[in-house]
Amino acid sequence: MHFPTGVDTPTPDGAHPSALLLQGLNDEQSAAVTLPADHALILAGAGSGKTRVLTTRIAWLLQTGQVSPGGVLAVTFTNKAAKEMLTRLSGMLPVNVRGMWVGTFHGLCNRFLRAHWKLANLPQTFQILDIQDQLSAIKRLSKQFQVDEERFPPKQTMWFIAGCKEDGLRPKDVDVRDPDSRKKVELYELYEAQCQREGVVDFGELMLRSYELLRDNDPIREHYRRRFRHILIDEFQDTNKLQYAWIKQLAGPVAQDGGTVFAVGDDDQSIYAFRGARVGNMADFVREYQVQHQIKLEQNYRSFSNILDSANHLIDHNKNRLGKNLHTTQGAGEPVRIYESPTDFAEAQWMVEEMKQLLREGQNGDGTQGVAHRHEIAVLYRSNAQSRVIETALFNAAMPYRVYGGLRFFERAEIKHALAYLRLLENPWDDTSFMRVVNFPPRGIGARSIEQLQDAARALGCPLHDAVSTLTGKAGVNITAFVAKIDVLREQTQGQNLRQIIELLLDHSGLVEHYQSEREGADRIENLTELVNAAESFVTQEGFGRDAVAMPVNGEMINPDTGETLSPLAAFLTHAALESGDNQAQAGQDAVQLMTVHASKGLEFDCVFITGMEEGLFPHENSMNDYDGLEEERRLMYVAITRARRRLYLSHSQTRMLHGQTRYNIKSRFFDELPEHALKWITPARSAFADTHASPHNAWQQPTWFNNDWQTKASAPTPVLQRAPTTSGPNAWVRSGVQVFHTKFGEGTVIGLEGVGDDARAQVNFPRHGMKWLALSVAKLRQV
DNA sequence: AATGTTAGAGTTTTT
DNA sequence: CTCTAACATT
């Protein structure tokens, strides 16, 4: 299959085909698409048609003959975005998508490392560790080297290692100041050695090793620099240090013959600093590449102007911005509605009633008021824990809903078990997989046997698999039988197709049998069946053009760069590791959408509820003490607001149940940062706190609506907050302004007190750990 | 090996 | 409060 590109063919209506591509674009979009082949930065506001510009740019470059598919590298963060780009692209042009490198950072790095596994010093069958695998690998290592898990929790070690890799640092590059960090670096070193021995890489390693190969291998680097004439990056504001460095390797230094970089992003929507994203990469890029073309896409096609005004007004309170203002030709639309409730429960109740009303109006089809479908209603919250009370209310009202997040398909235990078997077929040295299934289903290999094996492997400095033959006694017999079983399976699966391989495995591993005897195993078996289907559809349609190395040829895949082959099984395992799958496909039921604000990025809905707009929650208490943290919270709020097309609700609650304790929250400072003219305060007048205890239902059943003035509300705090906390017990002496010592946080100053009796809490500012709320009945405080 | 108990932690997350 | 992992018991 070959399509000529860059050859203009006349269209039926006589228009030039590249002009056709530009149809319907506004001036800025069009300018961005048709920029000359120079480095460029596109500042694309929310809802400004970012993806469209990106894909049309590629289509335009191809159609005007400036580049062939092989010369294009387009990189995104999520598989969803990559898929979207390819779908749209093939809708615009009859282009051979296979030759293009379009994918996620990790997907492309994987493709690169599969092609150059030898140079990258990896086994051809290297496996990819996800977070769970990584953690269990580190736990294993900590046990083996008798690391004190109190002082060095495996999770922390994991974050440390991931953080180093995001910054492009190997153990030798890490600054060692104190004994603790020396130990961490040591663990990083041991972890690296273990991964190398076992032939596995984690997500960070995919990036780092690709980067290093490009950096250190001149012919490889030059090859790819010559090849990729156009490098396009989506969500550039979310790139970390290493990802930017990787891009620089591919693009080469400025003003040399490397490709051009077309970066698209929005600094106002940078919400992933906590996982290493550096907004600063945008400014660095402009400086380092002397970017001459910067285009702002500020026309918003999504929301009415009350919503956009709110977003603009809010984000204007951030100091560190490149600067951008969204505008629309649509009218003001409805006001942004703000609601205050006495309890989180009442907040959820009110929300459900409001939804019912909206859906009723939508059914009647009377104009812009209602919403026709439940899936056009989204509930956003700052943290996952908030979903429970909302779910309860929705459930009680029999309102179908869907919660985003949680376990994805390939992360389920039973699926991971099956995949572990498959991985052992490919790479028997993968100890993480070995450990996962050596005794699952149970086959009499207990802790003692495994210890024996681990001791032997450590003595020999080899993976578990290679140490099995040295074992004696019962342990030796059982484990040898296990390894033999895997070996037989490997034999039997030769020449089988992927479906047959998995079916054989499910049968011979005893997984299905095991779950059959389990009380609640039916779901798991269903999922295992689904795994067969997933493999089937992967082979028949999905995948081969994307993260897999190459095209299927006679059932095998040939890497166009090296001629190496990759089996369908290997490709499927890669697919499973890099695309953890949808979290739940929930059978097409039209349902209200529940998700965190983070998860909502990139989505849009007719109607959006942003809930829990309270100090300590949103902005979150862990982020609001340093300036950068607060700015990121504000960007998060900006993202949340700009999800709404027509109607936006912001709600907060005076009290909220968190970690089993009632918290008294004041409303979010973000309310102060919204334009009064766009708001409508719809809190019932009698939503006094006292109602909470009497009857939480009355507050919303017959509300009296009124437009409230923000200033008046702000100056009249709820009575509870003013009530002087009375405390008994060991911490009764705690008063505002007092210096205290906490065993974990060190010295701090008491800022305020609230609550009564067992609920009494002190807000304490710890210079080293920030602001904390401490329950006086629990916290061990000492007066300084 | 299965089942029961307890301690501890609990922003945000894709690959 | 609620979930999980580690530990303890049968």
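How far is the sulfur of cysteine 462 from the closest cysteine sulfur, and in which residue is that one? I looked it up: the gap is 16 Å, the partner would be cysteine 195, and that is too far for a bond.

**Entry 1: ground rules**

I'm working with a predicted model, where local features need pLDDT of at least 70, side-chain atom pairs count only at pLDDT 80 or more, and totals for chains, interfaces and linings use all residues. Residues are numbered from 1 along each chain as its sequence is written, chains are lettered from A and ligands numbered from 1 in the order in which they are written, and side-chain values use heavy atoms, with hydrogens and water left out.

**Entry 2: cysteines**

A reminder to myself: a disulfide is a covalent bond between the sulfur atoms of two cysteines. The rule I used asks for a pair of cysteine sulfur atoms within 2.5 Å. By that rule I get zero disulfides. Cysteine 195 is in none, and its nearest cysteine sulfur, in cysteine 164, is 14 Å away.

Is cysteine 195 buried or exposed? I use buried for under 20% relative accessible area, exposed for over 50% and partly exposed for in between (1.4 Å probe, protein chains only). Cysteine 195 has a relative accessible area of 8%, so I call it buried. Cysteine 462 comes to 14%, so it counts as buried too.

**Entry 3: DNA strand B**

Next I checked who sits around the DNA. For me, a residue is near a strand if one of its heavy atoms lies within 4 Å of it. DNA strand B is surrounded by 24 residues, and the closest are Phe77, Asn79, Arg382, Asn384 and Thr596. Of the atoms of strand B that come within 4 Å of the protein, sugar and phosphate account for 51%.

Which part of DNA strand B does a polar side-chain atom of arginine 382 approach? I found a base oxygen, 2.2 Å away. Threonine 596 has a polar side-chain atom 2.7 Å from a phosphate oxygen of strand B. For histidine 659, the atom of strand B is a base nitrogen, at 3.3 Å.

I also sorted the residues by class: Ala, Val, Leu, Ile, Met, Phe, Trp, Tyr, Cys and Pro count as nonpolar, Asp, Glu, Lys and Arg as charged, and the others, Gly among them, as polar. The surface near strand B has seven nonpolar, 14 polar and three charged residues.

**Entry 4: DNA strand C**

Around DNA strand C I noted Lys139, Arg388, His659 and Gly660. Sugar and phosphate make up 46% of the strand C atoms that come within 4 Å of the protein. Lysine 139 puts a polar side-chain atom 3.0 Å from a phosphate oxygen of strand C, and arginine 388 does so at 2.9 Å. By class, I count no nonpolar, two polar and two charged residues here.

**Entry 5: a six-stranded sheet**

Strands of a sheet pair through backbone hydrogen bonds, either parallel or antiparallel. My strands (E, at least two residues) and helices (H or I, at least four) are DSSP runs, numbered from the N terminus, and two strands pair if DSSP finds at least two bridges between them.

In what order do the six strands of the open sheet stand? I read E3-E2-E6-E7-E1-E8, with parallel pairing. E3 (101-104) and E8 (293-297) are at the edges with a single partner strand each, so one side of each has no neighbour in the sheet. Inside the sheet, E2 (residues 72-76) and E6 (residues 230-233) run parallel and are joined by four bridges. Alanine 74 stands opposite leucine 232 in E6.

**Entry 6: strand E10**

I then looked at E10 (residues 377-381), where five of its five residues are buried. Ile377, Val379 and Tyr381 point one way, while Ala378 and Leu380 point the other way. E10 runs parallel to E16 (residues 605-610), with four bridges, and alanine 378 has valine 608 as its bridge partner there. E10 also pairs in the parallel sense with E15 (residues 592-596) over four bridges, where leucine 380 partners methionine 595.

**Entry 7: two more residues**

Arginine 151 is in the loop between helix H6 (131-144) and helix H7 (154-166). Its side chain makes a polar contact with the side chain of aspartate 180, at 2.8 Å. For that term I need a pair of N or O atoms within 3.5 Å; within protein, one must be able to donate a hydrogen and the other to accept it, and residues adjacent in sequence count only if both atoms are side-chain atoms.

Last, I checked glutamate 189 in helix H8 (residues 179-198). Its relative accessible area is 45%, so I noted it as partly exposed.
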